[in-house]
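Let's take a friendly walk through this protein model, one region at a time. Keep the structure open beside you as you read.

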Amino acid sequence: MPLYPLWYILSLMTKQPNTDDPKRSTLQILQDDFKYFLQALWSQLELPSPTRAQYSIADYLQFGPKRLQVQAFRGVGKSWITGAFVLWTLFKDNEKKIMIISASKERADNMSIFLQKLIIETPWLKHLRPKSDESRWSRISFDVACPPHQAPSVKSVGITGQLTGSRADLMILDDIEVPGNSMTELMREKLLQLCTEAESILTPHDDSRIIYLGTPQTTFTIYRKLAERNYRPFVWPSRYPKVSQASAYEGLLAPALQADIEQGALPWEVTDPDRFDNDDLLEREASMGRSNFMLQFMLDTSLSDAEKFPLKMADLIITAVNPTDAPDSIVWCSDPKNIIKDAPTVGLPGDYFYSPMQLQGEWHPYTETICSVDPSGRGSDETAAAFISHRNGFLYLHKMCAYKDGYSDKTLLDILKYCRKYKVTKLVIETNFGDGIVAELFKKHLQTSRLAIDVEEVRANVRKEDRIIDALEPVMNQHRLIVDRQLIEWDYKSNPDEAPENRLMYMLFYQMSRMCREKGAIKHDDRLDCLAQGVKYYTDAMSISANHQVLIRQQEDWKDMLEEFLDDPQAATDHLAFGMNLDQRKQARMLSGKKSVPTWV
């Protein structure tokens, strides 16, 4: 049934005669259909008439199931519509008890203040104003004109606030998932546990309801878990999905959009042009990055498909990396006891960091250590530097640095400081940015610092996403990349002044877990690109088998013992008694003045 025109609603509010429908009073029309109430309230606020998407949301709030979700694109006005729904609920029955829960107490309080202001300033809501000065009227909770009750008419609380002990007939959980409380799997599990409290708060009435409002913040949003718990979603993306994406919504698209598609609506056309037109959405997609746009404007959470994201946290080996030496071999195992449970994991669901099962063989100096540098200018991108060593076919990531001041002298000198610490012998610098100027600046500082470090320039000529995956996936699949434990903590705590949603974008392991072969897969990839560049440098070295190297060394060790015994049987016996290895025996012979080879050679 079409809505009444705006002039008709206004005539109802001013109590002018209704010639179109004399059998229905103003009160009945507003109480029977929330869409009319919403339109009248919008006119009172001097806002444009609600859009098609907003009317559809209003219809689902009124006629939807007892437990439901409203997932609509960012900026559609879900919170405003639901605020009006709270007033409409009290407009019909002033004895209802309503609780508003948000991610933060401040946001929940802002909704409460908004509702109070509407009650005070809207003439046809004046009957809801409390008649007693003793009534509650604060941003935390307030009463409308109703019989006395222990519970307030409306109460606002943060999701981590005091929920136990409250009672409500209608519970509104508005944007409880934000980047700050859903970064890691542990955070999401805790958030879901808090959501279960809503069931114990809801009053046991037939018309009691729980409503979730939200926009997915991650590819593994808690809203998918809530759907499994019988909270029926209503999904309204900003564009009609493409044919290949239709299955991602699992039949949960808004009925109006489903009808449009059946009638021939073109894929990727705008679903609510009165809210955002095509040009506006294109600009937002370009600035946000494709992954974020698909989450927050297309509400497509299917990107967590494991096949799309080949770089797994579980394929890494996490341990303390020695600055100068490494064992002959490191053994990886997916035994659950090797999971590092206290590490902040920002990867996909079920993807954890693993410690090594065993360190094998003797410890010896690294074959080579390099510093891979991915330079950038000043701005939102970072200049990243990764310090990587190699031994026996294993790569060891000691440290990573990231700077936002481009290639300033301070940044370059700081990188060289760590080059000295880790005994770097080569700088590998990407020259796509600045056409080699960064390498020349490094050479200048190397001369003044008197560091004997070679500079090698590399130029990327393959699409970034393919280049990164092709370099890292084979190495990680073979568990040849070992990462220092402290780097995980540094990565998670980096950029503390940024908003939580922006901090995630800069994290190395967030970039790693979301990298796929689609163009523009992630907004920022500086740290991951830097790591991939360093790993690519060692491609030839990765053909070395750790077991083969151990066997060669054992053969050298055995040959040396025979030679030493023939040269000086007593010294050989003493060295064996002390458990000396090959290098220690050679050093002992040099210190004693003995020849390192037998006299008969």
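A strand here is a DSSP run of type E with at least two residues, and strands are numbered from the N terminus. With that in hand, please bear in mind that this is a predicted model.

**A residue in strand S18**

Leu481 belongs to strand S18, which covers residues 481-484. Is Leu481 buried or exposed? Its relative accessible area is 1%, and since buried means under 20%, Leu481 counts as buried. Leaving aside residues up to four places away in sequence, Leu481 touches Leu316, Ile317, Leu395, Val475, Met476 and Leu531. Sequence distance is bridged here too: Leu481 and Ile318 are 163 residues apart along the chain, yet 8.8 Å separates their C-alpha atoms.

**The seven-stranded sheet**

Now to a sheet elsewhere in the model. Strands of a sheet pair through backbone hydrogen bonds, in either a parallel or an antiparallel way. In this open sheet, 7 strands follow the order S3-S4-S2-S5-S6-S1-S7, with mixed pairing. S3 (141-142) and S7 are the edge strands; each has a single partner strand, so one side of each lacks a neighbour in the sheet.

Strand S1 (residues 67-72) takes part in two pairings, set out below.

| Strand pair | Sense | Bridges | A bridge partner pair |
|---|---|---|---|
| S1 and S7 | parallel | 5 bridges | Gln69 and Pro233 |
| S1 and S6 | parallel | 5 bridges | Val70 and Leu213 |

Helix H6 (residues 105-121) packs on this sheet and touches S2 (98-102), S3, S4 (154-158) and S5 (170-174). The direction of H6 makes about 160° with that of S4.

How many of the 5 residues of S7 (residues 232-236) are buried? The count is 4, so S7 is largely enclosed by the rest of the structure. That is worth holding next to its place at an edge of the sheet.

**Two helices that cross**

Two packed helices are described by the angle between their axes and the distance between the axes. For helix H13 (residues 409-421) and helix H14 (residues 437-449), the axes come within 10 Å and cross at roughly 60°. That angle makes H13 oblique to H14, and the crossing is right-handed. From H13, the contact uses Asp409, Leu412, Leu413, Ile415, Leu416 and Arg420. H14 contributes Val438, Leu441, Phe442, Lys444, His445, Leu446 and Ser449. Sorted by character, the residues of this contact are 8 nonpolar, 2 polar and 3 charged.

Note on methods
Residues numbered from 1 in each chain as written. Predicted model: local features only at pLDDT ≥ 70, side-chain atom pairs only at ≥ 80, totals over all residues. Heavy atoms only, no water. Buried < 20%, exposed > 50% of the residue type's maximum accessible area, 1.4 Å probe, protein only. Pairing = 2+ DSSP bridges. Axes fitted to C-alpha atoms, helices over the stretch in contact; angles between N-to-C directions. Parallel < 35°, antiparallel > 145°, perpendicular 65-115°, else oblique. Left-handed = near helix turned anticlockwise from the far one by under 90°. Contact = heavy atoms within 4.5 Å. Nonpolar A, V, L, I, M, F, W, Y, C, P; charged D, E, K, R; others polar.
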